[in-house]
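Got the viewer open? Let's take a short walk through this one, a stop at a time.

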Amino acid sequence: MALIAVTASDPDEAAPYVTSLETRGGETRVVTPSTFTDVPTTLDGVSGLLLCGGVDVHPRFYGAQIDEAVTRHTEPARDEMELALVESAVAADMPLLAICRGMQVINVAFGGSLLQDLPGHQAAPGAVEVLKHPVYVSPGSKLGAIIGVGAVFKTNSYHHQGLKEAHRAPGLLASAYHPEDGIIEGLESPAHQWVMAVQCHIEKESEVPSIFLKLFAWLVAWSGAYAAGEME
């Protein structure tokens, strides 16, 4: 059985991600800065890791000064927790899925940096409609293989931080990007079997193409295989 650690600032934030995993047969362990003790305890019996969306990554973790004019709420304790968990999970080649902020954490963990503000990638305060924009998924990527096709899709967009090629960690590949401004919308590691990250919020299941939800099924399936020692 797949036991997946889900990291978030609090249980309420984790709830929709937990639902998406558990409806696909996974078991979950929610990990927050207030409940985190150490990496070995957190990952004991765990066979997969999901990094949720959330607050801004503090710029000090990628060697930058904070821009107070654009950076919003940060939670360094969560940054430290997730970076430590990613390091351990990657070293063990554990299945790992990262969403929005989670993708940004992955890039920082692999040695990349971030843009602290991306105008036009997050709806204005009070907006009623969900902001959506085009995302091109490379047909030769692992992401393209998982969802079954490489093409241009319309996905939700909630992030005001992110990265372009100049900020991408050298050990990662861009699997998806915004075709108009070059913002990277997906990352994966060619050196690791199961490191996958997307910028769109796929836990908001009605706001993304249904084939993107295969990522949750992928994480559950391969976490189960990892637990059973069946990874190839």
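Keep in mind that this is a predicted model. Start by selecting asparagine 156 and showing its surroundings: leaving out residues up to four places away in sequence, it touches Val130, Leu131, Lys132, Cys200, His201, Lys204, Glu207 and Val208. You'll find asparagine 156 in strand 6 (residues 152-156). Is asparagine 156 buried or exposed? Its relative accessibility is 1%, so it counts as buried.

Now zoom in on the polar contacts of that side chain. One goes to a backbone atom: the asparagine 156 side chain reaches the nitrogen of histidine 201 at 2.9 Å. Another is between side chains, with asparagine 156 and glutamate 207 joined by a polar contact of 3.1 Å.

Next, pick lysine 204, one of the residues asparagine 156 touches. Add tyrosine 158 to the selection, and you'll see lysine 204 lying over the face of that ring, at 5.1 Å from the ring centre.

Last stop, the aromatics. The structure has 4 aromatic pairs. Select tryptophan 194 and tryptophan 222: their ring centres are 4.5 Å apart and their planes sit at 20°, so this pair is stacked. It links distant parts of the chain, 28 residues apart, with tryptophan 194 in the loop between strand 8 (184-188) and strand 9 (195-198) and tryptophan 222 in helix 6 (residues 214-227). Colour by accessibility here: tryptophan 194 is buried, with a relative accessible area of 16%, while tryptophan 222 is partly exposed at 27%. Finally, add Trp218 to the view, and you have the cluster of Trp194, Trp218 and Trp222, linked by ring pairs.

Definitions and conventions: Residues are numbered from 1 along each chain as its sequence is written. This is a predicted model: local features need pLDDT of at least 70, side-chain atom pairs count only at pLDDT 80 or more; totals for chains, interfaces and linings use all residues. Side-chain values use heavy atoms; hydrogens and water are left out. Rings of Phe, Tyr and Trp (its six-membered ring) pair if their centres lie within 6.5 Å; planes under 30 degrees apart count as stacked, over 60 as edge-to-face and the rest as tilted. Helices (H or I, at least four residues) and strands (E, at least two) are DSSP runs, numbered from the N terminus. Buried means under 20% relative accessible area, exposed over 50%, partly exposed in between (1.4 Å probe, protein chains only). A charge sits over a ring if NZ of Lys or CZ of Arg is within 6 Å of the ring centre and within 35 degrees of the ring normal. A polar contact is a pair of N or O atoms within 3.5 Å; within protein, one must be able to donate a hydrogen and the other to accept it, and residues adjacent in sequence count only if both atoms are side-chain atoms. Contact means heavy atoms within 4.5 Å.
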